Amino acid sequence: MDLDSLIHIAERAAEDCAKGINDKVGHNLKKVLTTFRKHKISDLHLQSSTGYGYNDVGREGLEAVYAEIFCGEDALVRHQIVSGTHAITLCYFGNLLPGDELLAVGKPYDTLHKVIGSDKKEMGTLQELGIKYREVPLENDGSISLDALLEAISPETRMISLQRSKGYQWRPSLTIEEISRIAKSIKIEWPNLIVFVDNCYGEFVEEREPLEVGADLIAGSLIKNPGGGIAPCGGYIVGRKDLVERAAARLTAPGIGKEIGPSLGNNRLFYQGLFNAPHIVGEALWGAVFTASLCSGLGLDVMPYPNGHRTDIIQAIRMGNRERIIAFCRGIQRYSPIDSHVTPEAWDMPGYEDQVIMASGAFVQGSSIELSADAPMREPYIVYMQGGTSRQHVKLAVTETIKDMINCGLFQL
Ligand SMILES: *Cc1c(COP(=O)(O)O)cnc(C)c1O
């Protein structure tokens, strides 16, 4: 089949999913708007503070809004949280004590391996503090065996860590339905266990969020979904009040917690980004369906399938060799608004074990709610594409990238 026909099919596949995507955007936008109205968010909240940032009504209002939208008792939403990894790290270090055990379901996201630590005695890890760590491996098909998980819980287990999005793994992402089933089963027998969910890339993709179905604590990055492409940095934590408070005591200091932290001009960007987030997530989802269809038309394995259930904005494509993942990332970079002339190279990114190649021609450095693609340099050479603040940009960038790859002989039609 020629490329024009494949593009046409991909566009139809995306349009077939558009109704479902629009319904979710509508639902989530209504949830956000209702919360803004209820909290009477006003011009006052968009102002800023400096120094200690005491009584920053904008910051406090934003945290109240986050808590309500994500159905937690409290929230910590700060530009001082430097990344998603940092937000998750605060949840771990704030809520685990020496002798406690962290039980992860599947291998956590790459950057967390160094947070957890190993026998190599790295500095400042959970391991160094005497916090124990175990993993319940996923089944071969990437699913979670509830029996194996319940079996693995010991009296020392304090926290179960789930990851909603697939990360750099070839597995289905964890749906809200699955999180619900897991959290509820754990709570029957172990009501005091903390169920933590790494919610990166999952926000506003489904109608419900993890805290609504039994999780206790979630964390994520503001340069992913909830920042709506506008937040220039930051992270969030939402959940049970005591757990958020402990994370806040780690971010600042015990006794200070959430009370200080100047917003330095970010309040408006965080509110505006949050208001835009459901819409932007919808654009990214349309782009992901388009890309999944086009790539499977080229004979590639994709996860999820074009019309598969989605719980995050990630589209994984098994490219199968090094040349193709490099060419795909370079293509996405070439068709980005910023740094289009730059050629991405695989490099040793801090926190990652394998070299990673990353295309991110974004207005916010490293933002992956803007169109981006990245891949760890390892078998079986899977590229992970996500984001896109407009569906037309995703379509344009992916189509031109694939054309270039065909012209270089990387695909045969
Ligand atoms: C992006 C991501 C993280 C880490 O976020 P950074 O902001 O890159 O530190 C953690 N977990 C998952 C699933 C992610 O997608």
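**Close-up views of the predicted model**

**Figure 1. Residues around the ligand.** In this predicted model, the ligand is surrounded by S83, G84, T85, I88, Y109, Q163, D198, C200, Y201, S221 and K224. Sorted by the character of their side chains, the residues of this shell comprise 4 nonpolar, 5 polar and 2 charged. Helix α3, which spans residues 84-95, gives the most to the shell, contributing 3 residues. The space that the ligand takes up is the largest pocket.

**Figure 2. Polar contacts between the protein and the ligand.** Two of the contacts shown here involve oxygen atoms of the ligand: a backbone N or O atom of G84 lies 2.7 Å from a ligand oxygen, and a polar side-chain atom of T85 lies 2.5 Å from a ligand oxygen. On the side of D198, a polar side-chain atom lies 2.5 Å from a nitrogen atom of the ligand. Considered by itself the ligand would expose 380 Å², of which the protein buries 90%.

**Figure 3. An aromatic pair between helix α2 and strand β7.** Across the whole structure, a search finds 13 aromatic pairs, and the view shows one of them, formed by Y66 and Y236. The two rings are 5.6 Å apart from centre to centre, with 40 degrees between their planes, and the pair is therefore classed as tilted, since planes under 30 degrees apart would count as stacked and those over 60 as edge-to-face. Because Y66 belongs to helix α2 (residues 57-69) and Y236 to strand β7 (residues 235-239), the pair ties together parts that are 170 residues apart in sequence.

**Figure 4. Cis peptide bonds before P304 and P380.** Most peptide bonds are trans, but the bond joining M303 and P304 is cis, with an omega of about -5 degrees. P304 is found in the loop between β8 (301-303) and β9 (315-318). A cis peptide bond also leads from E379 to P380, where omega is near -5 degrees, and P380 is placed in the loop between β11 (372-376) and β12 (382-386).

**Figure 5. The backbone at F204.** Most residues other than glycine have a negative phi. What is the phi of F204? The value for F204 is near 70 degrees, and thus positive in a residue other than glycine. F204 sits in the loop between β5 (194-198) and β6 (217-221).

How values were computed:
Residues are numbered from 1 along each chain as its sequence is written. This is a predicted model: local features need pLDDT of at least 70, side-chain atom pairs count only at pLDDT 80 or more; totals for chains, interfaces and linings use all residues. Side-chain values use heavy atoms; hydrogens and water are left out. A residue is near a molecule or strand if one of its heavy atoms lies within 4 Å of it. A polar contact is a pair of N or O atoms within 3.5 Å; within protein, one must be able to donate a hydrogen and the other to accept it, and residues adjacent in sequence count only if both atoms are side-chain atoms. Accessible areas come from the Shrake-Rupley method with a 1.4 Å probe; for residues, only the protein chains shown count as cover. On a 1 Å grid over the protein atoms alone, a cavity is a set of points where a 1.4 Å probe fits but cannot get out, and a pocket is an open set with protein on both sides within 12 Å along at least five of seven lines; lining residues have an atom within 4 Å of a point. A molecule sits in a cavity or pocket if more than half of its atoms lie within 2 Å of its grid points. Helices (H or I, at least four residues) and strands (E, at least two) are DSSP runs, numbered from the N terminus. Ala, Val, Leu, Ile, Met, Phe, Trp, Tyr, Cys and Pro count as nonpolar, Asp, Glu, Lys and Arg as charged, and the others, Gly among them, as polar. Rings of Phe, Tyr and Trp (its six-membered ring) pair if their centres lie within 6.5 Å; planes under 30 degrees apart count as stacked, over 60 as edge-to-face and the rest as tilted.
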